[in-house]
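Please read this briefing alongside the sequence and the structure shown below. The points are grouped by topic, from the whole chain down to two individual residues.

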Amino acid sequence: TVALDVAQHLDSDHDGVPNAADHPIVFASSRTGHGDIYSVDPSGSSLKRLTTNNAVESDPAWSPSRTKIAFASTRDGNLELYSMNADGSGVVRLTRDAHSDVAPAWSPDGTKIAFASDRASGNWDVYVMNANGTGVMRLTTTAGADLGPTWSPDGTKIAYASAHTGNGDIYVMNANGTSQTRLTTSAGIDAEPDWAGTTIAFSSNRDGLLNFELYTMTQTGTAQTRRTNRAGLDGAPSWSADGTKLVFATNRYGVLNAELGTINANGTGETRLTTDPAIDAAPDW
């Protein structure tokens with residue numbers, strides 16, 4: 001079962017706004033030909049395009065207050081991090097580096113953003129900065145890619161995916177980068193963690209090389225449980241803010257077409273969310 005303190009109304013990237021299961025989902029889509037950020041209601045209605053820049057824009061992440069969205073964009077030449085208002089206005093550039101910055105994740109109190117970058121000699125590591133882009137600090141320094149940071153609901157820890165052991169596993173560390181601890185040890189690739197309450201959702205191909213599925217586990221790595229079981233690639237899980245549902249990206253509706261779907265926390269109640277021939281990916285609820 002999914003162990004979750006619903007009373008906190010928290011997910012991995014937010015401070016948990018009460019009654020938030022109906023909040024819009026933001027995602028990246030190639031339906032304009034390059035890549036823009038969109039929002040959509042959990043019912044699949046009220047689709048809104050939030051960015052209109054002629055660049056690749058991806059990895060949207062809600063701020064805890066749901067008033068801001070952080071995202072990655074090539075609008076200034078290479079992948080940098082930006083923030084904007086929930087309606088797409090007020091875009092502000094947060095990072096300025098010759099390398100790539102991706103996968104922003106707000107701390108639960110909204111004061112910091114964790115992200116992944118290859119700015120250190122081309123090696124992907126996890127970094128953290130103030131929400132305005134100042135005070136950048138490197139948290140991981142191991143060989144191999146460290147990606148996809150996600151905060152614990154109390155803001156004291158960060159989970160992330162790391163390939164420094166060879167294939168790809170989920171790790172957790174203190175918010176200052178200390179006490180890095182391996183949570184998964186499967187022979188497959190475990191990636192894309194997202195934290196809600198005391199539960200971490202993630203994607204893994206441990207049950208088939210070309211078949212990524214969604215799993216959940218406790219925040220200490222126990223009770224690893226498969227939640228989807230269908231041919232295709234299921235990935236990028238993101239919790240609803242009340243921790244009762246997951247949105248995810250999948251090609252189960254068409255091999256060459258990535259769409260968004262939702263499931264209950266235990267894997268039941270699958271609902272298709274988007275229906276476009278383009279690529280819809282990187283959702284954040």
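## Briefing on the chain

The chain holds 24 strands and zero helices. This is a predicted model, and the mean pLDDT of the chain is 91, with 92% of its residues reaching 70 or more.

**Confidence**

- Residues 1–20 call for caution, since pLDDT stays under 50 throughout this stretch, although the model has 70 contacts there beyond four places in sequence.

**Overall dimensions and packing**

- The radius of gyration of the chain is 17 Å, which agrees with a compact globule because such a globule of 285 residues would have a value near 19 Å.
- Taken along the principal axes, the C-alpha atoms of the chain fill a box of roughly 45 × 40 × 35 Å.
- Of the 285 residues in the chain, 53% count as buried.
- Among the contacts in the chain with a separation of 6 or more, 34% are accounted for by residues that lie 24 or more positions apart.

**Surface and charge**

- The area that the chain exposes comes to about 10,900 Å², and carbon and sulfur atoms supply 52% of this area.
- The chain carries 20 positive and 32 negative charges, and the mean positions of these two sets are 1 Å apart.

**A70, a residue within a strand**

- A70 lies in strand 5, which covers residues 68–73, and with a relative accessible area of 1% A70 is buried, because the cut-off for that class is under 20%.
- When neighbours within four places in sequence are left aside, A70 is in contact with D59, P60, A61, Y82, S83, P104, W106 and I113.
- A70 and Y171 are separated by 101 residues in sequence, and their C-alpha atoms are 23 Å apart in space.

**S121, a residue within a loop**

- S121 is placed in the loop that runs between strand 9 (112–120) and strand 10 (123–130).
- S121 has 81% relative accessibility and therefore counts as exposed, the cut-off for that class being over 50%.
- From C-alpha to C-alpha, S121 and H99 are 9.2 Å apart in space, while in sequence they are 22 residues apart.

**The two residues side by side**

- Which of these two residues is buried and which is exposed? A70, in strand 5, is buried at a relative accessible area of 1%, whereas S121, in the loop between strand 9 and strand 10, is exposed at 81% relative accessibility.

Conventions: Residues numbered from 1 in each chain as written. Predicted model: local features only at pLDDT ≥ 70, side-chain atom pairs only at ≥ 80, totals over all residues. Heavy atoms only, no water. Helix = DSSP H or I, 4+ residues; strand = E, 2+ residues; numbered from the N terminus. Buried < 20%, exposed > 50% of the residue type's maximum accessible area, 1.4 Å probe, protein only. pLDDT = per-residue confidence, 0-100. Contact = heavy atoms within 4.5 Å. Rg over C-alpha atoms; globule rule 2.2 N^0.38 Å. Areas by Shrake-Rupley, 256 points an atom, 1.4 Å probe, with all protein chains shown as cover. Lys, Arg positive; Asp, Glu negative; His and termini not counted. Charge placed at Lys NZ, Arg CZ, Asp CG, Glu CD.
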